[in-house]
Amino acid sequence: MNTFLFTSLWLSIDLIYSHLFFDSFFPKRSHRFQRFLLFPLFVIAGTILLIFSPSTITPIVTIFIFSLANWFLHTTSKVHLIFFSIIVYSIGCTIDNLVFTSFLAFSGWHYTTLQSSFPVYIFLSIFSHGLPLLLCFILNRSRKRKHIETSNWNWYFIPAVLSFMCILMELYLNNCFQHSQIDPFPLSVCATFIAVFNIASLLLVSWIEQTSHYREEALLLHAQIKAQSEGIEALSLSNSAQRKLTHDFRAHLETLNSLLENQSFQEAAEYITKLRAEHTDRILLVNTHNSAMDAILNQKAFIAKKHNIDIQFVVNDLSPLLIDAVDLTVIISNLMDNAIEACETLPVHERQIHVKALLDDAFFFSIRNRSEPVHVCDNMVITTKPNTLLHGYGLQNVRSTLNKYDSYFGIDYQNGWFLAYAEIQNTPLS
């Protein structure tokens with residue numbers, strides 16, 4: 001009974017600090033009450049597994065428990081789950097080994113003496129499990145950015161391997177100590193070295209994540225500059241077309257006047273029809289009767305056409321739209337930029353974007369575009385492809401902007417088509 005209770009206690013602490021560690025890097029999957037509900041189930045099931053499993057596979061069983069628990073609690077890839085479970089288990093294992101070996105080295109006790117001294121053994125056990133809990137708590141509080149789902153998982157292979165080597169070294173040294181092949185003092189020195197090695201591995205993870213974050217910010221800035229440049233070019237083309245029509249307006253009036261004076265009514269009607277078609281092609285690819293929406297959609301449509309993307313619109317009268325124009329620009333521009341970016345990587349004949357902007361009781365907006373494969377999990381894009389940030393630009397800005405309103409936002413990927421859609425109540429911000 002005591003074995004079950006103490007194993008449950010240590011595993012509970014381990015699961016808490018593993019959760020804090022994962023929470024420092026990955027977004028949460030479930031709500032708070034669900035986490036509280038799952039926690040005792042994992043503790044009981046994990047305790048049973050640890051008690052009835054051979055001690056030689058305890059590290060594998062514990063890493064499996066960490067991976068499974070955090071798969072339920074956090075949104076990330078399976079590769080990240082395994083790598084980070086190895087790293088956090090190695091941290092706990094290293095600290096535990098360092099605490100006990102240091103005590104044995106400086107006290108002169110034998111390990112059997114320590115086990116027979118129940119209060120000291122319990123105190124050291126609590127201390128050794130509490131240190132990684134404190135470390136992961138500090139890490140969790142000190143980190144502001146907790147999303148690395150766009151990072152290349154290959155970058156985390158090296159720190160995961162280093163952590164796994166630390167685990168193997170500790171198992172080997174502990175086995176040597178139990179067979180009296182190494183004294184406590186050199187064992188504590190080795191444990192210190194392994195702890196430093198493991199801390200270096202943890203620092204490497206943070207450095208990789210930070211470097212990845214800066215790289216993504218640089219790419220995002222480059223994409224924004226590119227989008228702004230293309231937007232300026234599109235508006236310039238539209239303005240040039242408008243100036244040309246204005247310049248030719250007097251000539252058109254004189255032509256129409258001449259046709260009407262000659263009672264050439266059929267020719268005048270055909271001339272007006274031709275002018276209307278030319279005006280639509282040159283100025284507005286889409287007309288919603290809402291100046292802000294027309295400016296956004298037509299600007300992005302010009303950019304799409306420039307990149308040989310077939311873009312189609314389904315719209316209705318958006319003149320009663322009450323949503324703030326700046327917020328509309330953030331939402332629609334980011335989503336359309338992502339769609340255009342995704343289509344640019346495809347062959348020309350596959351480049352398609354379908355846009356819907358419909359106002360009924362609420363404003364519904366969707367963009368459906370052809371795309372290379374992406375993985376969507378819990379309404380987030382997760383990709384492990386190297387050098388791929390597909391659909392990553394601006395989605396966080398879209399979500400934060402939509403949070404101002406009574407709205408819903410969703411994304412999906414099926415059969416080569418990526419879909420992003422939002423429904424917003426047509427109410428102004430108070």
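## A walk around the model

Start by selecting Lys 404 and Asp 327: their side chains meet in a salt bridge, 3.1 Å from N to O. A salt bridge here is a side-chain nitrogen of Lys or Arg within 4 Å of a carboxyl oxygen of Asp or Glu. Lys 404 sits in the loop between α12 and β6, while Asp 327 belongs to helix α11, so to speak a link between distant parts of the chain, 77 residues apart. Asp 327 is buried, at 4% relative accessible area, whereas Lys 404 is partly exposed, at 47%. Buried means under 20% relative accessible area, exposed means over 50%, and partly exposed lies in between, with a 1.4 Å probe and protein chains only.

A quick word before moving on. This is a predicted model, where local features need pLDDT of at least 70, side-chain atom pairs count only at pLDDT 80 or more, and totals for chains, interfaces and linings use all residues. Residues are numbered from 1 along each chain as its sequence is written, and side-chain values use heavy atoms, with hydrogens and water left out.

**Zoom out**

Show the whole chain as a cartoon and you'll find twelve helices and seven strands. These are DSSP runs, numbered from the N terminus: helices are H or I with at least four residues, strands are E with at least two. Of the chain's 430 residues, 45% count as buried. Switch on the surface and about 22900 Å² is exposed, 63% of it supplied by carbon and sulfur atoms. Those areas come from the Shrake-Rupley method with a 1.4 Å probe; for residues, only the protein chains shown count as cover.

**The sheet**

Next, colour the strands β1, β2, β3, β7 and β6. In that order they make an open sheet of five strands with mixed pairing. Two strands pair if DSSP finds at least two bridges between them. At the edges are β1 (310-315) and β6 (407-414), each pairing on one side only. On average, neighbouring strands are turned by 10° against each other, direction ignored.

Now go along the sheet pair by pair:

- β1 and β2 run parallel, joined by six bridges; pick Phe 313 and you'll find its bridge partner Val 355 in β2.
- β3 (residues 362-370) and β7 (residues 417-425) run antiparallel, with nine bridges between them; here Phe 364 has Glu 423 in β7 as its bridge partner.

Stay on β2 and turn on its side chains. Which of them are buried, and which are not? Ile 353, Val 355, Ala 357 and Leu 359 point to one face and are buried. Gln 352, His 354, Lys 356 and Leu 358 point to the other face and are not. In a regular strand, side chains alternate between the two faces of the sheet.

**Helices across the sheet**

Add helix α11 (residues 325-344), which lies across β1, β2 (352-359), β3, β6 and β7 and runs at about 15° to β3. Then add helix α12 (residues 395-402): it lies across β6 and β7, at about 150° to β6. For these angles, axes are lines fitted to C-alpha atoms, for helices over the stretch in contact, and the angles run from 0 to 180 degrees between N-to-C directions. Contact means heavy atoms within 4.5 Å.

**Two more salt bridges**

The structure holds three salt bridges. For another one, select Lys 300 and Asp 337, whose side chains meet at 2.8 Å, N to O. Lys 300 is in helix α10 (residues 291-306) and Asp 337 in helix α11, 37 residues apart. Lys 300 is buried at 4% relative accessible area, while Asp 337 is partly exposed at 24%.

Then try Glu 350 and Arg 370, which meet at 4.0 Å, N to O. Glu 350 lies in the loop between α11 and β2 and Arg 370 in strand β3, so this pair ties together parts 20 residues apart in sequence. Glu 350 is partly exposed, with a relative accessible area of 24%.

**A buried histidine**

Jump to His 129 in helix α6 (residues 118-142). Is His 129 buried or exposed? Its relative accessible area is 13%, so His 129 counts as buried. Leaving aside neighbours within four places in sequence, His 129 is in contact with Trp 10, Ile 13, Asp 14, Tyr 17 and Asp 96.

**Last stop: a nonpolar patch**

Finally, select Phe 4, Leu 5, Ile 44, Ile 48, Ile 51 and Phe 52, a nonpolar surface patch with about 570 Å² of accessible area together. Patches are made of residues with over 30% relative accessible area and no salt bridge; like charges are joined within 9 Å, and nonpolar side chains (Val, Leu, Ile, Met, Phe, Trp, Tyr) within 5 Å. Both α1 (2-23) and α2 (32-52) supply at least two residues, and α2 gives the most, with four. One to click on is Ile 44, found in α2 and partly exposed at 46% relative accessibility.
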